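Biologist: Hey, got a minute to go through a structure with me? I'd like to hear about cavities, charge pairs and any odd backbone spots.

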Amino acid sequence: MKLATLDTGVAGQAALLIGDELLDLGRAGALVDIAEDIPARVRDILADPDATDAVRRVHDTVSGLSEDELELMRMTGTLTPLGESDLLAPVPDPKLILSVGLNYHHHLAEMKGTPAPERPSAFQKNVSSLTGSGKPIVLPPQCPDMVDYESEFCFVFGRTCHNVGRDEAMDHVAGYTIANDVSARDWVGEVFAAEGTFPAALAWERNIMGKQLPTFTPCGPVIATADEIADPHDLLLEFRLNGEVLQSTRTDDLIFGIPEIIAYFSQWFRFEPGDIVTTGSPAGVGFGRDPKIFMKPGDMAEVTLEGVGTLRNPVVAG
């Protein structure tokens, strides 16, 4: 099944994708008894096997309704087309967003001078940078001219996870989604020009700050639960800017797969249900091109992941 969060109320409302329509699980309780006690937050659904099972039963029940019954749901706003729904990120309130970098073989090749890491590398992203599919990416007035795209395949935790091995790592994954790790590249030059350990560390820190701005982590439109994806390490991931494909790869190009990422970082982090890990960007980023390509006001950025859907965000000036 596929879960989303509608932009309603203070914290949003969990919704379920049925066909190409979203079922508001908060409204559904009036028409489908099973839905009455389902939590309002996707994070809480992922954390509770009983709630997850109830959502599956709602899916089966609604999928079997007559067209007249479905039309009543549309009239009351309980069912809305996915493309017309106002969305937050599928989990708008994770406790942690961890972004793995330097994790696609072909991406390292285009970023000349970047060696393959011996172990996974990552940084945290500001939770307030999250935004949903359909929402604008806002180019910040303080650094509007070198804003890059990075399509990213993501996994989401469904269980508390700390210090687990590779063999049990996948048991903690609830599902998969998409992010765009939007990045202001103004400070990348400092990283490659830095000489010495501390200047390089400070330059890298400033580069990472260019990923933390508001709207710089579009995510969604949905989470596909783990049972929907037969092999997360063999999915097609693409990025399009104004319809032109600029990134296209399969996730088998990952240097470190999900079990390795979880086993490594859970040595330190205590991941909680709803926490998001982005697994790195493939080749084709704007900064790695000649000439370079950066997003401009009026652009449309789209990330598509096989088995999940398409994350769409217009680009606007701040």
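Modeller: Sure, we can take those topics one at a time, and keep in mind that this is a predicted model.

Biologist: Cavities, then. How many of 30 Å³ or more does a search of the whole structure find?

Modeller: One cavity of 30 Å³ or more turns up in the whole structure. The space in the largest cavity comes to about 40 Å³.

Biologist: Which elements give two or more residues to the lining of the largest cavity?

Modeller: Those are strand S2 (13-18) and helix H2 (42-47). Among the lining residues are Gln13 and Ala14, then Val42 and Arg43, and also Pro92 and Asp93.

Biologist: And how does that lining divide into nonpolar, polar and charged?

Modeller: Five residues of the lining are nonpolar, three are polar and three are charged.

Biologist: OK, switching to charges. How many salt bridges does the structure hold?

Modeller: The count is 23 salt bridges. As a general point, side chains of opposite charge can pair when their charged atoms come close.

Biologist: Which residue does Arg57 meet in a salt bridge?

Modeller: Asp53, with an N to O distance of 3.3 Å. Both residues sit in helix H3 (residues 49-63), four residues apart, which is about one turn of the helix.

Biologist: Are Arg57 and Asp53 buried or exposed?

Modeller: In between. Arg57 has 40% relative accessibility, so it counts as partly exposed. Asp53 is partly exposed too, at 38%.

Biologist: What about Glu67, which side chain does it meet?

Modeller: The side chain of Glu67 forms a salt bridge with that of Arg74, at 2.7 Å from N to O. Glu67 has a relative accessible area of 48%, which makes it partly exposed, and Arg74 is partly exposed as well, with 26%.

Biologist: Got one that links distant parts of the chain? Where do Arg166 and Glu260 lie?

Modeller: Those two make a salt bridge at 2.8 Å, N to O. Arg166 is in helix H6 (residues 166-169) and Glu260 is in helix H9 (residues 258-265), with their positions 94 residues apart in the chain. Arg166 is exposed, at 52% relative accessible area, whereas Glu260 is partly exposed at 24%.

Biologist: Which residues are linked in a network of salt bridges?

Modeller: Lys125, Asp148, Glu150, Asp181, Arg185 and Lys211 are linked that way.

Biologist: Back to H9 for a second. Why is it largely enclosed by the rest of the structure?

Modeller: Because six of its eight residues are buried. In H9 the buried residues are Ile258, Pro259, Ile261, Ile262, Ala263 and Phe265.

Biologist: And what covers the buried residues of H9?

Modeller: The cover includes H6, along with several strands: S5 (97-101), S6 (121-125), S10 (151-157), S11 (173-180) and S17 (276-278). H6 is also where Arg166, the salt-bridge partner of Glu260, lies.

Biologist: New topic, cysteines. How many disulfides does the count come to?

Modeller: Zero disulfides. Cys154 is in none, and the nearest cysteine sulfur, that of Cys219, is 5.4 Å away. The cut-off for a disulfide is sulfur atoms within 2.5 Å.

Biologist: Is Cys154 buried or exposed?

Modeller: Buried, with a relative accessible area of 0%. Cys143 is buried too, at 3%.

Biologist: Last bit, the backbone. Which residues does a cis peptide bond join?

Modeller: One cis bond joins Gly220 and Pro221, with omega about 5 degrees. Another joins Asp290 and Pro291, where omega is also about 5 degrees. Pro221 is in the loop between strand S13 (217-219) and strand S14 (223-225). Pro291 lies in the loop between S17 and strand S18 (300-305). In general, most peptide bonds are trans, and most residues other than glycine have a negative phi.

Biologist: Speaking of phi, which residues have a positive phi although they are not glycine?

Modeller: Asn163 has a phi of about 55 degrees, and Asn242 has a positive phi of about 55 degrees as well. Asn163 is in the loop between S10 and H6, while Asn242 is in the loop between strand S15 (236-241) and strand S16 (244-250).

Biologist: Are Asn163 and Asn242 buried or exposed?

Modeller: Asn163 counts as exposed, at 52% relative accessibility. Asn242 has a relative accessible area of 46%, so it is partly exposed.

Terms used. Residues numbered from 1 in each chain as written. Predicted model: local features only at pLDDT ≥ 70, side-chain atom pairs only at ≥ 80, totals over all residues. Heavy atoms only, no water. 1 Å grid on protein atoms, 1.4 Å probe; cavity = no way out; pocket = protein on both sides within 12 Å on 5 of 7 lines; lining within 4 Å. Points joined across faces, edges and corners; volume = space filled by probe spheres on them. Nonpolar A, V, L, I, M, F, W, Y, C, P; charged D, E, K, R; others polar. Salt bridge = Lys/Arg side-chain N within 4 Å of Asp/Glu carboxyl O. Buried < 20%, exposed > 50% of the residue type's maximum accessible area, 1.4 Å probe, protein only. Contact = heavy atoms within 4.5 Å.
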